[in-house]
Amino acid sequence: MKKIILKAGKEKSLLRRHPWVYSGAISRVEGHPSDGDTVSIYTNQKVFLAHAAYHSKAPIAARVWSWQQDERIDEAFFYRKLTHALKFRKELGLSQFSTGCRLVHGESDGLPGLVIDQYGRILVMQIGSVGAERWREVILDILKDLFDPDCIYERSDTDVRELEGLIKRTGVLWGELPHDLIIEENGLHFAVDVMTGQKTGFYLDQRDNRAKIGILAKDKEVLNCFCYSGGFSVYAKRAGAKSVLSVDSSEEALKLAQRNFALNGLTTDSQEWQCADVFQMLRKLRDQNRKFDLIILDPPKFAPTASFAAKAARGYKDINLLAFKLLRPGGIVATYSCSSGISSDLFQKIIAGAALDAGISAHIIAQQMAAPDHPILLSFPEGAYLKGLLLKVSD
């Protein structure tokens, strides 16, 4: 039997049902497991804790599959887990608002290292751990059976795969990927680039936050930074924004954003597109004395782990300080962090510091997070990767 025996006192996090075991917590490994094998985890006193996927070379040496001693980690286990994830998404009732949905959200669905997004009849699978990699073919077969999709595409190209000792891999696993993939969200249409787009092709996690911006943008001059495919810009324009300036460093992203405007029949009057480094663009706008009523800051991940937090904090403070200086009195900033290495408390402190340096007073009118198809396991706070603050500056 393949086992992990923990050092004395190192079982506390598992008793709280945190699904990770770090290599430093292990006293010894029995049974010579290979990377990706299922192991049983025991306390130093030989009390069973969990079944997990083992990795001998990674800082996270085990990721928990199950807390039940009598549960086998086999094809039936994955069928149950995937069926439960599908049932949960159906209960959310998201299909009446969107044809895009996250079906599996890693640890929060009891499937560490596995992400599955749905875009209509297309599924995109992303594997980021050796444990999920071991069961890749089984998962693929179950997805075919449960969803009968037109295509299953793999986007296992995240940097975390390198940390797990896995090569990056993308491509069609099943069926045929359509040339043109369009989803509907709250009455709007968006083109999705599953092959080369960010994440799995679209930011499904910002669905509810985009809708909120749509409520606030009427008659406002809007600046959307790190706009990617223009989701926030499209919502703002539909809501009747006076003008929208969308900034991104990628020409391809801006082309996709412009296409999304066209898909929704939105006019391009009072619409600006700037391909530029956002940090430099914000300074340029400051020097031009440009002013806005609503500014959106949705940057890419600055801190993938806590070790990057200090450097990331400087980046977040910089862009938010500049945004505050570009804002008219009474204006609104929607600011986000998708960095798992930055906690909600730290993010709020960073933004508070930026407001102080900008010499303004701001109030939080909403704390935002990922949409409900990206659930957060209570015992796994790392799952709360997306933090958002909706701030109104005093007049």
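Throughout this passage, buried means under 20% relative accessible area, exposed means over 50%, and partly exposed covers what falls in between (1.4 Å probe, protein chains only). By that cut-off Arg136 is buried, with a relative accessible area of 15%. The structure is a predicted model, so local features are reported only at pLDDT of at least 70 and side-chain atom pairs only at pLDDT 80 or more, while totals for chains, interfaces and linings use all residues. Residues are numbered from 1 along each chain as its sequence is written, and side-chain values rest on heavy atoms, with hydrogens and water left out.

A good place to begin is helix H2, residues 75–92. Helices (H or I, at least four residues) and strands (E, at least two) are DSSP runs numbered from the N terminus. H2 has 18 residues and spans 26 Å from its first C-alpha to its last, close to the 26 Å expected at 1.5 Å a residue; that expectation is 1.5 Å times one less than the number of residues. Phe77, Phe78, Leu82, Ala85, Leu86 and Arg89 of H2 are buried. They lie on the same side of H2, because they cover an arc of only 165° around the axis, the arc being taken over the directions from the helix axis to the C-beta atoms. An α-helix has 3.6 residues a turn, so residues three or four places apart point the same way. The face turned away from the buried side of H2 carries the exposed residues His84, Lys90 and Glu91.

The cover over the buried residues of H2 includes strands S6 (60–66), S7 (100–105) and S8 (114–119), together with helix H4 (136–147). At the N-terminal end of H2, Asp74 acts as a cap, with a side-chain oxygen 3.2 Å from the backbone nitrogen of Ala76. Just after H2, Gly93 takes a positive phi of about 70°.

Arg89 of H2 also leads to Asp373, since contact (heavy atoms within 4.5 Å) is made by Asp373 with Arg89, Leu92, Leu94, Cys101, Arg102, His105 and Arg207, leaving aside neighbours within four places in sequence. Asp373 sits in the loop between strands S19 (362–368) and S20 (387–393), and at 0% relative accessibility this residue counts as buried. Polar contacts are pairs of N or O atoms within 3.5 Å; within protein, one must be able to donate a hydrogen and the other to accept it, and residues adjacent in sequence count only if both atoms are side-chain atoms. The side chain of Asp373 makes such a contact with that of Arg207 at 2.8 Å, and another with that of His374 at 3.2 Å.

Turning to charged pairs, the structure holds 33 salt bridges, each a side-chain nitrogen of Lys or Arg within 4 Å of a carboxyl oxygen of Asp or Glu. One of them joins Arg102 and Asp117 (2.7 Å, N to O). Arg102 lies in S7 and Asp117 in S8, so this pair ties together parts that are 15 residues apart in sequence. Arg102, at 7% relative accessibility, is buried, and so is Asp117, at 1%. Arg136 meets Glu137 in another salt bridge (3.0 Å, N to O), and Glu137 is partly exposed at 45%. Glu162 and Lys168 pair at 3.7 Å, N to O. Salt bridges that share partners join Glu133, Arg136, Glu137, Glu154, Arg161 and Arg169 into one network.
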